[in-house]
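Dear colleague,

I am handing over the structure that we spoke about, and below it you will find my notes on what turned up when I went through it. Please read them with the model open beside you.

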Amino acid sequence: MRRELTVNWHDLQPGRALSRDTVHIWRASLDISKSLINYIEATLSADELAHIAGVRSSPARLRNIAAYGLRRMILAHYMNIDPGELRFSYNAYGKPALASQMTELCFNVSHSADQFILALALDSAIGVDIERIDARFPWQEIVSHWFTPNENTVLQSLPSEFQRNAFYTLWTRKEAYMKACGQGFSLKMNQIDVSFGSDVWGNAINAFKALDGDTTWELHDLEFSSDYAATVAIQNNGWSLYFGQWEDH
Ligand SMILES: CC(C)(COP(=O)(O)OP(=O)(O)OC[C@H]1O[C@@H](n2cnc3c(N)ncnc32)[C@H](O)[C@@H]1OP(=O)(O)O)[C@@H](O)C(=O)NCCC(=O)NCCS
């Protein structure tokens, strides 16, 4: 029933150059070896270490370290520098970008449970969101607040066995767009309609006019695994997407 973009997560090999009409999307597990955690910790900045120190649970802290490390390792690979040399800047809402070095390389990161995803494009706003589909999450209690009336109608019209996955698909579309804009939840989620008419599953690629009406975005629902939903949002259209599984290199 779900109609995400069919993805071969082994399309992309490290070293493939990023061209102006392509998006590269990497996935990785956040459960990485102790030796890699030790290597990563040595590459992190003071603010990354301070953030990690504030994470109370030990498994969550390790996954946060892994997420920061994967972000550094993948970006450094494109820039041909050491991960520890990367410097980040942050917008007023916390969206990270590369500071000074190769600022045309735009990226966004999302993680959920043990999964990590990073999307890259040149000179284009990009956002990504992944969510683990939680069979116990009471999504019915929050949809009227966070979703548009149209999205609520579309969800209610689906057979009940499809509603939970549809909820997560709509959620990741919205959040990917909100992250691409860089404002995250400071935008009003219930004013962003991503139901695309009455066909909640839409096409694999959905052209989407933003709130301002001037910008077109492409939203791609990604085939990940049955217990995750994921979407990437990119400004403008005509993108070719390539996918890779990042392994410990
Ligand atoms: C960005 C945001 C949507 C992330 O939500 P999330 O589901 O918890 O997390 P995800 O895993 O999808 O994304 C996290 C990553 O997004 C990136 N990120 C952080 N702020 C971001 C922003 N404003 N826009 C885009 N990406 C952002 C970071 O790389 C972050 O990685 P980290 O957690 O390893 O540091 C959320 O934190 C947010 O809305 N931040 C803006 C804060 C704000 O202004 N809030 C207003 C009051 S509600």
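**What was found**

The chain has 6 helices and 10 strands, and please keep in mind throughout that this is a predicted model. Buried residues make up 35% of the 249 residues in the chain. Of the contacts with a separation of 6 or more, 64% are between residues that lie 24 or more positions apart.

**The four-stranded sheet**

A good place to begin is an open sheet of 4 strands, in which the order is β4-β5-β1-β10 and the pairing is mixed. The strands at its edges are β4 (105-112) and β10 (240-245), and because each of them has a single partner strand, one side of each is left without a neighbour in the sheet. On average, and with direction ignored, neighbouring strands of this sheet are turned by 20° against each other.

Going through the pairs one by one, β4 and β5 are antiparallel and share 8 bridges, with Ser110 standing opposite Ile117 in β5. The pair β1 and β5 also runs antiparallel, joined by 6 bridges, and here Ser29 has Gln115 in β5 as its bridge partner. Strand β1 (residues 22-29) pairs with β10 in the parallel sense over 6 bridges, and the bridge partner of Thr22 in β10 is Ser240. As you follow any of these strands, it may help to remember that in a regular strand the side chains alternate between the two faces of the sheet.

Is strand β5 (residues 115-122) largely enclosed or left open by the rest of the structure? Since 7 of its 8 residues are buried, β5 is largely enclosed by the rest of the structure. Gln115, which lies in β5, counts as buried because it has 21 C-beta neighbours inside 10 Å, where 20 or more are needed. Leaving aside neighbours within four places in sequence, Gln115 is in contact with Arg27, Ser29, Leu30, Ile130 and Tyr228. Of these partners, Ile130 is 15 residues away from Gln115 along the chain, and the C-alpha atoms of the two are separated by 8.1 Å.

**Two residues with positive phi**

Most residues other than glycine have a negative phi, and with that in mind two places deserve a careful look. One of them is in the hairpin that β4 and β5 form with 2 residues between them, where Ala113 in the turn has a positive phi of about 50°. Ala113 is partly exposed, because 14 other C-beta atoms lie within 10 Å. The other is Asn236, which has a positive phi of about 70° although it is not a glycine, and which is found in the loop between β9 (228-235) and β10. Asn236 likewise counts as partly exposed, because it has 15 C-beta neighbours inside 10 Å.

**The core and a buried arginine**

The largest nonpolar core has 53 residues, and those with the most contacts inside it are Val23, Leu118, Ala119, Tyr177 and Val232. Helix α6 gives the most to this core, with 10 residues. Not counting residues up to four places away in sequence, Val23 touches Ala119, Leu120, Ala121, Ile126, Val232, Ile234, Trp239 and Leu241.

Is Arg63, which is found in helix α3 (residues 58-79), buried or exposed? Arg63 is buried, because 24 other C-beta atoms lie within 10 Å. When neighbours within four places in sequence are left aside, the contacts of Arg63 are Leu30, His111 and Asp114. Arg63 and Leu30 are 33 residues apart in sequence, and yet 5.3 Å apart in space from C-alpha to C-alpha.

**Around the ligand**

Which residues come nearest to the ligand? Of the 19 residues around the ligand, they are Gly94, Lys95, Ser110, Gly184 and Phe185. The elements that give two or more residues to this shell are β4, β6 (126-132) and α6 (160-181), and the largest share, 4 residues, comes from β4. By kind, the residues of the shell divide into 6 nonpolar, 9 polar and 4 charged.

With best wishes

Methods:
Residues are numbered from 1 along each chain as its sequence is written. This is a predicted model: local features need pLDDT of at least 70, side-chain atom pairs count only at pLDDT 80 or more; totals for chains, interfaces and linings use all residues. Two strands pair if DSSP finds at least two bridges between them. Axes are lines fitted to C-alpha atoms, for helices over the stretch in contact, and angles run from 0 to 180 degrees between N-to-C directions. A residue is buried if 20 or more other C-beta atoms lie within 10 Å of its own, exposed if 12 or fewer, and partly exposed in between; C-beta atoms are placed from the backbone. Two residues are in contact if their C-beta atoms, placed from the backbone, lie within 7 Å. A residue is near a molecule or strand if its C-beta atom, placed from the backbone, lies within 6 Å of it. Ala, Val, Leu, Ile, Met, Phe, Trp, Tyr, Cys and Pro count as nonpolar, Asp, Glu, Lys and Arg as charged, and the others, Gly among them, as polar. A nonpolar core is a set of buried Ala, Val, Leu, Ile, Met, Phe, Trp, Tyr and Cys residues joined through C-beta atoms within 7 Å.
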